[in-house]
Amino acid sequence: MAEFWVNMGPQHPMTHGLWNLRIKVDGETIIDAEPIIGYLHRGVEKISEVREFQKVIVLTDRLCYVSSITWSHAYCLAVEELMGIEIPERGKYLRVISLEIQRIASHLMWLAAFGADIGLLTMLLYALRERELFLDLIEIMAGLRLNSNYTRVGGVRNDVPADFEKSCQRVIAHFLKKLDEYQDLMENSKTFLMRTQGIGKLSKEDAINWGVTGPNLRGSGADVDLRRTIPYEVYDQIDWEPAIEKDCDCYARSIVRMREMRESCRIVLDALKKMPPGPYRMKPPRRAEGEAFRVTEDSRGEALFYVAADGDDRPYRVKIRSPIFCTLAAVPQMMRGHKVADVVSIMGSIDICVGEIDK
Amino acid sequence: MSGSLLTPNLVGLCRSLTEILLGIVKAIFDALSLPGVGSWFVSPGVVVFFTYLIATLVMVMWAALVNLLSVMWVERKLYSRIQDRRGIMLGVPWPWSKKYKRGMTNLGWGFLQNIADGVKLLQKENITPASADKLLFHAAPAIIVSSTIMVFAVLPFSENFYYTKVALGVLFVLAALSLGPFAIILAGYSSNNKYTLIGGLRAAAMMLSYEIPLILCVVAVVLLSGTLDPFQMVAVQERPLMGTIVPSWNVFSPPQMLGFVIFFIALVAELERIPFDIPEADAELVEGWTTEYGGMRFGFLFGFKWLRAFAGAGLLVILYLGGWNGPVFATVSVLGYPIPILPQEFWFLLKTYLVVMVIIWISWSIPRVRADQVLKIGWNRLIPLALLTILGAAVFKTMGWF
Amino acid sequence: MFLVFSAVEIVGAILTVTSKKLVRAAFWLLITLITISGIYILLRAEFVALIQILVYAGAVPVLLLFGIMLTRKKMLEESETSEAK
Amino acid sequence: MGVEEQVLARLKERFPKLLLESASVRPGVGRIKIDRKDLVEICFYLKEELGYEHLSCISAVDWKDRYECVYHFTRYSDGSMFQVNAIIPHDDPHIESLCKFWRSATYPERESYDLMGIVFDHQPDLRRILLPPDYRFFPLRKDFPQEVDRQYISRRKLKTGGA
């Protein structure tokens, strides 16, 4: 059969946003693939250069609406490093709690999209139903559901209400029960295993060389969780285990995310228990000079903010390292030799978020 | 004792209806002192013509409106329930109820939603792609619709509720259903779109490989019951099984149990339901071979998929589940006619809808299988097992065990 | 009735061999085969007619189209040129 | 002596003349400043001898008198990071590509070319990535017009080209 290019996108159910994956197929077999991105480029890095340090958070929130707190937090860390300030202990704990709640919400969004991708539309409804609960928790914390603008340079925006711990415990107890159900729905389904096992192999060495990070790297068997490798905030004082799978395929990546949700629940509960009283925010200086960078474990991988300043109250240059942007480079290698239907399994298991790719 | 609601049969009923109607027409013309025109209307040829016209209309309406709408409604309600939501709820209160003045409500059963969707599709523009092969692009939906309606020409709903009685009815249904793949591949090619092309190719590959086990299973059933006539096939299944009160439905006989499972899987594949819906996999091929169709043409393709599901389920019920056999046949006499309380049509529709619901249940709870895996299942598993079924049926037939 | 069927059949057969596009030829072949099964019904050979539809009309053109699509490259190149790089 | 100081000491020993500036940022993180011509040599040493296996990020900065390409490397075994600032003259924005050592350099280098206009020599696939292929400007350069006082660009300014 003749070889021809098929555009998967920009308007396509698989893409989860606005990007285009051109695949070259021979009948059903993929010979080559080429991601085409940039449809959603908003110039966040350029706009940041004319906004004050604190006001950039509004932009970093919108890098990825699915996990806005983690992105703002990465930016805040970098700016705090630049200014040389240390935030109060309670602020750190509040950040960890909000980060993990956001991570669960983001992973649930992934679960929903992954289910819909491989044809299990019911999963979409189930996962979004549970995501609501975590969005509600974020709303209780921050006042907003999606672009919460919660972490600030110097701490967090506000303290949590008095009964927050109780609502967290209730939501998590309910969620863990449901999570068992979802794992049942996926892991015990022969069809699901057929679609994911052995698909999209990416060995550990390849993954590191291609710059793949986060759950995708842990699915390839690398023991890299930046929350543990390069601890920030108070992750080194909290009791948790990174999730690592050795199979290197779509199945391993999905299991890593499932297990990460459990670990995030554990972190939230533990952090709530260990959270000290005290101030949650400090006043940062207005101006800064020099350059600084910090890496954090975003829900999709390694997020790096490099901030340079020239003594003004605005950053001179903000550079965002988006994990999925780098992972996309490895996509053609993962796809070659698989079938057209595997495109959705592979892209679904990577967890695409176009907002952060295109910046 | 005939347990059917219709006596003597559909065409007979339509004939009496036609005679009454034409009698009224004749009376009108007689009153207008045009007796020649009036008597032409009751001449045998005209009566037969109008009888079959009305019978066709009734059958098409019954199949394509009543059952299509209710199958769609069942599907939408059921999968909404599986997904923990209520599904379509748009409703209009009865004119005599107090809520009628408030108009449409969101707390209804939602049965009218499908009609609303159909009206919406009718209002939409029928877009034909500029570079499409116009003739084939227009012919493909017509082939699908007509071949699906053809099924109902011979598919009996009870002993008396049928359009025609054909001795080769089962073969006819299979033949009509087998025209679908050709129309799908035509639609896939003529749209001049890569998604539809891949979808059409997948459809062709899949249907070719799944029609074989389907027909092989039917061969096993035919071997045991010794007929291709759906009526006799059901009659064979009526007698009790080995002296018990359980009826001897084909599904209870050992070789046919396997055949039932294979037939069911092949049917799900033939109907493009989710574990095997690779020709129109919406996540990878947008909508597969239906991508370029719009308006009511898409509505036809989409709706007649359900009608095919209904017809396939009906065939399954006739072949394996004892057709219209039901346990209770209490009758009440109304104006001298014996009217059964639970007529054969009830049992047939109950079984058919149960089969449809199982298909829906499966398709909303497991992911889609990949194209090459589908073919692998078909050729490596189902066909050998179907051949085994035929072997088993032949052994049972020769030994006279069943 | 026979005349109608045979007329359609002859027209379909002629169009089958004269049409330039192979897929259209397959479509006309389908028409021809179905009308042949109609003639079988006129001859009171229902079984043969139904087998004709099942095998010849249902499966053979599909196989034919399948073969065409798997072997012909030109069909796809047409769409390739129209696509914007 | 922290990890980063050991690394810096080894680098100083190996390349005594090439390091223009070297500092320890925080525990586990070191930083050096080099000229663009020494980049490949030093990065190869970092990868093969010092085990910095992960090229995390490539950021290009326009300091008006010079460009700087900032490379961040990670060593996963102990979580130490290393920052290399390569100085590029403003009138000749060329630098050697790192694609042959890290395939992960491909996309960030394309992005830096796209937004900042730094040409990576020997890059196999140096094209625009985020912006359209026919775009003529490099928007992250400091001479690209941008409203500083207001947060949006007015319609009139767009029409007159920022005048």
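Start by selecting strands β1 and β2 of chain D in this predicted model: β2 covers residues 29–35, and 5 bridges join the two strands, which run antiparallel. Within this pair, look for D:Arg26, whose bridge partner in β2 is D:Val29.

Next, widen the selection to the whole sheet of chain D, an open one in which 5 strands follow the order β1-β2-β5-β4-β3 with mixed pairing. At its edges stand β1 (21–26) and β3 (54–62), and because each has a single partner strand, one side of each is left without a neighbour in the sheet. If you look along the sheet, neighbouring strands are turned by 20° against each other on average, direction ignored.

Now bring chain A into view together with chain D, where 30 residues of chain A are in contact with 27 residues of chain D. On chain A, the elements that each supply at least two residues to the side touching chain D include α1 (44–48), α8 (204–210) and α12 (323–335), along with the strands β6 (289–298), β7 (301–310) and β8 (315–321). Coloured by class, that side of chain A shows 16 nonpolar, 6 polar and 8 charged residues.

The other chains can be checked against chain D as well: no contact joins chain C and chain D, whose closest C-alpha atoms lie 11 Å apart, and none joins chain B and chain D, for which the corresponding separation is 24 Å.

Finally, move to chain B and select B:Phe263 and B:Leu316, the residues with the most contacts inside the largest nonpolar core, which has 290 residues. Helix α8 of chain B (residues 194–225) gives this core its largest share, 17 residues. Around B:Leu316, the residues touched include B:Phe263, B:Phe264, B:Leu267, B:Leu321 and B:Val355, not counting residues up to four places away in sequence.

Methods. Residues numbered from 1 in each chain as written. Chains lettered and ligands numbered in written order. Predicted model: local features only at pLDDT ≥ 70, side-chain atom pairs only at ≥ 80, totals over all residues. Contact = placed C-beta atoms within 7 Å. Helix = DSSP H or I, 4+ residues; strand = E, 2+ residues; numbered from the N terminus. Nonpolar A, V, L, I, M, F, W, Y, C, P; charged D, E, K, R; others polar. Core = buried A, V, L, I, M, F, W, Y, C linked by C-beta atoms within 7 Å. Buried ≥ 20, exposed ≤ 12 C-beta atoms within 10 Å, placed from the backbone. Pairing = 2+ DSSP bridges. Axes fitted to C-alpha atoms, helices over the stretch in contact; angles between N-to-C directions.
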